[in-house]
Amino acid sequence: MAQHDAGLEREIANCFRRIGDSGWFPDEVGAESRQLALVFETLKPGPGMRILDAGCARGRFLRRLETSGARLFGVDLTEVFLHSAHANVQGAAFAGGSLSSLPFADGAFDAVYCIETLEHLPDTETALAEMARVLRPGGPLLVIDKSMMGLHPRSAMPNAVWKPWMERRGRWMYPVEFGFREKWFWPRELARMMERHFDDVSIRFQTEGFGKATRLYRALPFLAFEAAWSGKRRL
Ligand SMILES: C[S@@+](CC[C@H](N)C(=O)[O-])C[C@H]1O[C@@H](n2cnc3c(N)ncnc32)[C@H](O)[C@@H]1O
């Protein structure tokens, strides 16, 4: 496995720590959330299932899974989020650590999801390999992130133009001179990376919940701002 850059990952976590109180990382997610619906549809949580939220922040999705009876786990590299997560989701277990080197045994989980977190990993391949490692064979992985192929819902600019433009203007959580840029994925490219470890890899575009842009996304789903990738850990 490639050697990940633990120092850079720590600096990235420090960027999250600095904006931790900005209001961007709530304790809760609405019951109507499309992302939450995808977690339920893809993972089918049930009693006794071992489920990992990879990059859990304050555990807002885990909190919604509590009623399923599943055994819930969260991992994140930003300590301040984990302190809140413990209080927010008392029935879950949390660990500090990176997706590049998950502090869990092989096959420890029946299902894993990773929402808006893979885009913050410098080494995508290592993180995918780690999520595959901790999944039991046949277990599902769900990744939700921005799609580089999409149109930005407010500016109507292609994401591939809007994102670098905003970054150059310093309108991003990472400073202009920072040694890492958030990664928005070309859907097929990420699917191909997943296919190294997962079977039945599919891409779904997130068309709902984007205000006026929703109608456009419904008509032309490949232009949606966000996408969801799922697959089953190879047997
Ligand atoms: C945009 S937030 C999304 C959090 C959560 N999934 C949600 O939707 O509420 C990204 C999360 O990734 C975490 N993170 C960043 N780098 C990480 C790494 N190398 N390993 C684990 N978590 C990381 C951050 O601390 C942050 O909680």
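**Close-up views of two helices and a core**

**View 1. Helix α4 has exposed and buried residues.** On the other side of α4 from its buried residues, Glu79 and Ala87 are exposed. This is a predicted model. Helix α4 spans residues 79–88. Its buried residues are Phe81, Leu82, Ala85 and Asn88. Seen down the axis of α4, these buried residues fall within an arc of 120°, so they line one face of the helix. An α-helix has 3.6 residues a turn, so residues three or four places apart point the same way.

**View 2. The buried residues of α4 meet a helix and two strands.** They pack against helix α3 (60–65). They also pack against strands β2 (71–76) and β3 (93–96).

**View 3. Helix α7 also has a buried face.** This helix covers residues 187–194. Pro187, Leu190 and Met194 are buried. Viewed down the axis of α7, they fall within an arc of 75°, so they line one face of the helix. Arg188, Glu189 and Arg192 are exposed on the other side of α7.

**View 4. Several elements cover the buried residues of α7.** The cover includes helix α5 (124–134). Strands β6 (198–206) and β7 (226–233) are also part of it.

**View 5. Met131 sits in the largest nonpolar core.** This core has 53 residues. Those with the most contacts inside it are Ile51, Val112 and Met131. Leaving aside neighbours within four places in sequence, Met131 is in contact with Ala54, Leu99 and Val112. Cys114 and Leu141 are also in contact with Met131.

Note on methods
Residues are numbered from 1 along each chain as its sequence is written. This is a predicted model: local features need pLDDT of at least 70, side-chain atom pairs count only at pLDDT 80 or more; totals for chains, interfaces and linings use all residues. A residue is buried if 20 or more other C-beta atoms lie within 10 Å of its own, exposed if 12 or fewer, and partly exposed in between; C-beta atoms are placed from the backbone. Helices (H or I, at least four residues) and strands (E, at least two) are DSSP runs, numbered from the N terminus. The arc is that of the directions from the helix axis to the C-beta atoms. Two residues are in contact if their C-beta atoms, placed from the backbone, lie within 7 Å. A nonpolar core is a set of buried Ala, Val, Leu, Ile, Met, Phe, Trp, Tyr and Cys residues joined through C-beta atoms within 7 Å.
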